[in-house]
Amino acid sequence: MLKKGLGVLKYGFVILIVLLSLGPFLWVLLASFKTNAEILSNSLGWPSSFRFSNYAMAFKIAPISRFYINSVIVGIFGTVLNLLLLGMAGYVLARFQFRGKKLLMGAFSLSLLIPGAAMLQPLYLTVNALGLYDKLIGLIIVYTGFGLPVSLYILSSYFLTIPKEMEESAYLDGASFIQTFFRIILPISKPGFGTAGVMQFLLCWNEFQFAIILTTGNQSRTLPLALYYFKSQFASDYGVMFAATMVVIIPSILVYILLQEQVVSGLAAGAVKG
């Protein structure tokens with residue numbers, strides 16, 4: 001009887017978590033097809049008809065297409081650059097002992113405690129001095145560095161789970177350090193790279209604070225700023241604003257769904273050794 005009661009509580013808790021996770025998403029999804037009157041009078045109800053015109057209007061009101069392209073460019077290049085640099089750095093930190101290693105890891109740990117707002121002014125001055133203000137390359141470099149601590153710890157923890165014998169066999173066969181990393185370590189580290197890649201992509205895709213400070217105009221701004229554009233000028237049309245919100249969040253959800261297996265296995269493996 002007690003075991004059955006615990007089972008009911010367990011499933012009830014899981015259902016509650018699912019509802020809390022999916023509830024806001026489903027509410028925004030349904031609201032994106034409603035009129036203002038329906039949202040204000042019956043916010044939790046089903047729409048009387050699905051107004052796909054809200055999505056068409058969202059693309060007319062704000063330059064979402066331009067922002068969308070910018071976000072894709074920043075997300076892809078910011079993620080690839082982050083994984084390429086920190087993959088090699090994480091491998092060195094996981095495999096080699098050298099003077100100052102603990103101090104270096106401690107510095108990376110402390111960097112997680114620094115709030116983003118504290119870096120706005122120095123980043124603005126540096127980016128402006130380098131001539132990268134209002135350019136996508138500036139955002140890519142900033143996001144690559146901003147995601148450094150998380151990616152480094154995920155990858156270095158995963159590398160610790162790989163047996164050293166595999167690398168030693170490669171060295172005996174005449175492989176160099178670079179060949180061993182790219183031909184042996186990299187292919188079997190897909191879960192770790194998948195986890196770090198998803199985290200970094202979500203950072204690049206959803207980040208707002210740096211994007212609004214380091215860009216101006218529509219040529220270099222990303223999707224989160226499009227929502228700010230809606231809120232500041234067109235907040236009265238909630239249906240269109242919710243439609244724009246769905247356009248922004250769906251890609252990040254799809255990326256996580258496609259790579260969820262790698263994310264779970266990468267975090268689990270890193271937790272064992274890390």
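# A tour from Ala211 outward

Start by selecting Ala211: apart from residues up to four places away in sequence, Ala211 touches Leu139, Tyr143, Thr222 and Leu225. This is a predicted model, and Ala211 sits in helix 12, residues 209-214. Is Ala211 buried or exposed? Its relative accessible area is 0%, so Ala211 is buried. Now add Phe182 and draw the distance between the C-alpha atoms: Ala211 and Phe182 are 33 Å apart in space, with their positions 29 residues apart in sequence.

**Whole chain**

Zoom out and colour by secondary structure. The protein has 14 helices and 0 strands, and read along the sequence the pattern is α-α-α-α-α-α-α-α-α-α-α-α-α-α. The C-alpha trace spans about 70 × 70 × 35 Å along its principal axes.

Next, switch on the surface. The accessible surface comes to about 15,700 Å², and carbon and sulfur atoms hold 71% of that area. Of the 274 residues, 37% are buried. For contacts with a separation of 6 or more, 76% are between residues 24 or more positions apart. If you mark the charges, there are 18 positive and 9 negative ones, and their mean positions lie 6 Å apart.

**Annotated segments**

Select residues 12-33, 67-91, 103-124, 136-160 and 238-259, which an unreviewed UniProt entry annotates as "transmembrane region". Keep two of these segments in view. Residues 12-33 are 91% helix and 0% strand, with 31 Å between the end C-alpha atoms. For residues 67-91 the figures are 100% helix and 0% strand, and the end C-alpha atoms are 35 Å apart.

**Helix 14**

Move to helix 14, residues 238-273, and pick Ser252. Ser252 counts as buried because its relative accessibility is 10%, below the 20% limit for that class. Which residues is Ser252 in contact with, leaving aside neighbours within four places in sequence? They are Leu202 and Trp205.

Step on to Ile253, also placed in helix 14. Ile253 has 32% relative accessibility and therefore counts as partly exposed. Add Phe67 to the selection: Ile253 and Phe67 are 186 residues apart in sequence, and their C-alpha atoms are 18 Å apart in space.

**A loop residue**

Go next to Asp134, in the loop between helix 6 (120-129) and helix 7 (136-146). What should you check in its backbone angles? Asp134 is not a glycine, yet it has a positive phi of about 60°. Most residues other than glycine have a negative phi. The relative accessibility of Asp134 is 23%, so Asp134 counts as partly exposed.

**Confidence**

Finally, recolour by pLDDT. The protein has a mean pLDDT of 84, and 92% of its residues reach 70 or more. Which elements have the lowest and the highest mean pLDDT? Helix 13, residues 223-233, has the lowest at 73, and helix 7 the highest at 93.

End the tour at residues 270-274, where pLDDT stays under 50. The model has 6 contacts beyond four places in sequence for residues 270-274. Where pLDDT is low, the predicted coordinates should not be read in detail.

Technical notes:
Residues are numbered from 1 along each chain as its sequence is written. This is a predicted model: local features need pLDDT of at least 70, side-chain atom pairs count only at pLDDT 80 or more; totals for chains, interfaces and linings use all residues. Side-chain values use heavy atoms; hydrogens and water are left out. Helices (H or I, at least four residues) and strands (E, at least two) are DSSP runs, numbered from the N terminus. Buried means under 20% relative accessible area, exposed over 50%, partly exposed in between (1.4 Å probe, protein chains only). Contact means heavy atoms within 4.5 Å. UniProt positions are given in the numbering used here, feature names are shortened, and annotations may be inferred rather than shown by experiment. Accessible areas come from the Shrake-Rupley method with a 1.4 Å probe; for residues, only the protein chains shown count as cover. Lys and Arg count as positive and Asp and Glu as negative; His and the chain ends are not counted. The place of a charge is taken as NZ of Lys, CZ of Arg, CG of Asp or CD of Glu. pLDDT is the predictor's confidence in each residue, from 0 to 100.
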